[in-house]
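Hi there,

Here is the structure I promised to pass on. Have a look at it first, and my notes follow underneath.

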Amino acid sequence: MLNRLIFIFTLLSASLGLSQECPNMVYPANGATNIPLDAIIDWESVDGVPSYNIALGTSPGATDILTPQFVSGSLYRPPVGLPANTQIYVTITLFFFDAPNITCPSFVFTTEPLASAPLCTQMTSPADMAVNVNPNTNISWDYQYGAEGYLVSLGTSPGGTELLDNFDAGNNLSFNPPTDLPPETIIYVTITPYNSLGSASGCPSQQFETRAPSVLPDCSTMIYPMDGETNVPLNPLLEWNPIPDATGYVVTIGTTPTSSDILDQGIFYTNSTRVVNFEPNKTFFITVIPFNDAGLAEGCLQTSFTTLLGCGPFLDFNTGEYVTINPVIDFPDSFSSCENNGPLLITSTDIAEGYRWYRVDQFGNETLLSETDEVTVTENGTYRYEAYNTISQFGNILECPTTQLFEVVTSELATIDELRAQITGNNIQVTVMASGIGDYEYAIDNASGPYSDSNVFNNVVPGTHVFYVRDKNGCGIAERTFTQDLTVQGFPKFFTPNGDTYNDYWQFIQPKEGEPVVLTSIRIFDRYGKFLKQISQNSLGWDGNLAGRPLPAGDYWFVATDDTNQQYKGHFTLKR
């Protein structure tokens with residue numbers, strides 16, 4: 001039985017889009033001024049975002065300049081330019097098909113002021129001097145820099161206005177005459193851009209010739225897939241209703257409402273077409289426009305459909321929850337093989353229909369090692385673990401894998417080579433010197449820790465201690481005992497003034513327990529009772545020299561007096 005893992009909508013939304021970062025503006029920069037009126041708005045693309053919505057307004061998030069528009073890519077060229085001398089806020093919305101959209105904080109820039117009236121523009125549809133034009137045609141023209149509107153006149157002679165006299169088309173680039181134009185007639189069109197500083201002067205008439213009237217075809221509707229249909233096969237037969245007076249059909253298919261990345265205005269002379277290899281689990285937008293010799297049908301609506309679910313995540317319309325077929329895995333990114341323990345056996349505890357294990361070399365090439373839930377590893381390196389489930393869709397078996405790269409490293413039990421004790425004043429410092437190929441951590445007096453990455457222990461209390469070295473990769477714990485004895489309370493039994501910085505001075509060590517001892521003098525004698533040196537409690541201590549000459553190894557004596565006149569006597573060894 002397939003392992004379908006149910007996710008609540010909010011968690012899925014977070015994984016699919018809510019964690020997306022908003023893009024930065026490329027041009028205009030946030031806060032920029034004197035921006036040209038024909039500027040192209042450009043922002044950084046964001047991975048994982050299928051489409052963008054852009055809105056322009058005179059305040060943050062406002063849409064009074066441009067209502068939200070879909071943008072395919074990360075550029076937008078305002079078709080009628082930008083208003084002059086205006087602070088404009090750009091609001092980008094990240095658009096997702098299967099998760100909530102994300103509206104980003106607005107960016108702002110200010111356009112340059114107008115400098116003059118606009119120049120004349122060029123008619124684009126019908127083209128100047130065109131013939132055989134449908135009498136019910138629309139009229140379109142190019143944007144002219146700085147224009148805030150356009151006046152349109154139509155006549156049957158150059159500069160004529162008997163069909164339309166200086167009609168204000170507003171800040172638009174097309175105009176639909178209120179009635180059909182006279183058939184089989186030369187039509188003269190005068191388009192005059194204007195702004196607050198004045199109108200273009202001397203704009204010439206442009207012309208086209210109409211034909212006999214004919215009827216545009218009606219729009220068609222999709223038979224399959226219906227609008228909003230899901231689980232559409234990857235190679236469907238697209239079919240739409242035939243239109244009796246249509247010569248053919250212009251079909252556009254895209255993965256966003258504004259794109260044509262699948263099919264860009266393909267022409268078909270039948271009312272169906274086979275499509276091969278749509279992507280799974282993706283929404284597609286389709287527009288079918290019938291045409292005949294009169295032109296293209298007008299006002300045809302776009303519909304959408306979603307291909308078969310694939311591995312998911314997808315929305316279960318019965319439950320309102322999202323489902324994924326891929327197994328969920330809980331797998332570490334590293335394993336340790338202990339030296340001399342033989343090959344490493346790794347077993348998966350994940351629930352899945354199948355498993356694969358690969359060895360990955362330094363060039364990224366993979367070698368299959370196992371197709372069960374366990375694998376035997378004999379060498380260090382990089383490996384890839386894969387667990388998968390399967391689903392049957394329209395006669396095909398689809399694998400849905402989840403994968404994890406992991407490293408295998410070798411460790412071993414540490415060897416404690418030395419415990420180095422350094423006595424400085426009242427402080428005993430012990431450094432644990434360990435060797436081995438593992439990654440080690442250190443503790444004192446308790447095999448259970450706490451452990452530290454540092455191998456240096458300060459303020460060690462005189463007496464016997466056990467130091468532990470644990471391999472972080474689980475290859476065991478090494479231990480070694482250390483003893484720092486004292487003669488009389490707080491006075492070391494020996495010192496080694498050999499310049500290695502360990503026990504180079506002999507000095508009283510303040511006991512950790514009881515009342516602090518305050519010594520007024522510490523005097524040192526040789527074994528014959530000859531006075532050699534007096535040191536203070538706060539000095540480094542005696543370095544084993546007399547008048548700059550090192551004294552021989554052997555036993556020496558001391559007499560210390562505290563602030564109550566109590567004396568402490570004992571002996572210690574100087575080792576060389």
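**The second largest pocket**

The second largest pocket holds about 310 Å³ of space. Please keep in mind while reading that this is a predicted model. Eighteen residues make up the lining, and V80, G81, L82, P83 and N171 are the ones nearest the centre of the pocket. By type, the lining residues split into 14 nonpolar, three polar and one charged.

**The protein as a whole**

In secondary structure, the protein has one helix and 49 strands. Of its 576 residues, 44% count as buried. The accessible surface amounts to about 29,500 Å², and carbon and sulfur atoms account for 49% of that. If you take the contacts between residues at least 6 apart in sequence, 59% of them link residues at least 24 apart.

**Strand β16 and its partners**

I spent some time on β16, which covers residues 186-195 and is mostly covered, with nine of its ten residues buried. Which strands does β16 pair with in the antiparallel sense? One of them is β13 (residues 149-155), joined to β16 over seven bridges. Within that pairing, L151 has T192 of β16 as its bridge partner. Another is β18 (residues 206-210), which runs antiparallel to β16 with four bridges between them. There, I187 sits opposite F208 of β18. Then there is β17 (residues 198-199), which pairs with β16 in the antiparallel sense over two bridges. Y194 has S199 in β17 as its bridge partner, and a hairpin of two residues connects β16 to β17.

**The sheet with β48 and β49**

Towards the end of the numbering you will find an open sheet of five strands, ordered β43-β49-β48-β44-β45, with mixed pairing. At its edges are β43 (494-495) and β45 (531-535); each has a single partner strand, so one side of each has no neighbour in the sheet. Inside this order, β48 (residues 554-562) and β49 (residues 567-574) pair in the antiparallel sense over eight bridges. If you want a spot to start tracing that pairing, G554 stands opposite L574 in β49.

**From β31 to β34**

For general background, side chains in a regular strand alternate between the two faces of the sheet. You can follow such an alternation along β31 (residues 344-347): L344 and I346 point to one face and are buried, whereas L345 and T347 point to the other and are not. β31 pairs with β34 (residues 374-377) in the antiparallel sense over four bridges. In that pairing, the buried I346 stands opposite V375 of β34.

Between these two in the numbering come β32 (residues 354-360) and β33 (residues 366-370), which pair with each other in the antiparallel sense over four bridges. Y358 is opposite L368 of β33. The hairpin of β32 and β33 has five residues between the strands, and G364 in this hairpin takes a positive phi near 90°.

**Two single residues, E21 and S304**

Is E21 buried or exposed? E21 is exposed, because its relative accessible area is 63%, and the cut-off for exposed is over 50%. This residue lies in the loop between α1 (9-18) and β2 (25-27). Apart from neighbours within four places in sequence, E21 is in contact with V46 and L94. You might also look at E21 together with C104: they are 83 residues apart in sequence, and their C-alpha atoms are 8.8 Å apart in space.

S304, by contrast, is buried, since its relative accessible area is 18% and buried means under 20%. S304 belongs to strand β27 (residues 303-307). Which residues is S304 in contact with, leaving aside its neighbours within four places in sequence? They are M226, D227, G228, E229, T283, F284 and F285.

That is what I have for now. Happy to talk any of it through whenever suits you.

Best wishes

Conventions:
Residues are numbered from 1 along each chain as its sequence is written. This is a predicted model: local features need pLDDT of at least 70, side-chain atom pairs count only at pLDDT 80 or more; totals for chains, interfaces and linings use all residues. Side-chain values use heavy atoms; hydrogens and water are left out. Buried means under 20% relative accessible area, exposed over 50%, partly exposed in between (1.4 Å probe, protein chains only). Contact means heavy atoms within 4.5 Å. Accessible areas come from the Shrake-Rupley method with a 1.4 Å probe; for residues, only the protein chains shown count as cover. Two strands pair if DSSP finds at least two bridges between them. On a 1 Å grid over the protein atoms alone, a cavity is a set of points where a 1.4 Å probe fits but cannot get out, and a pocket is an open set with protein on both sides within 12 Å along at least five of seven lines; lining residues have an atom within 4 Å of a point. Grid points are joined across faces, edges and corners, and a volume is the space filled by probe spheres set on the points. Ala, Val, Leu, Ile, Met, Phe, Trp, Tyr, Cys and Pro count as nonpolar, Asp, Glu, Lys and Arg as charged, and the others, Gly among them, as polar.
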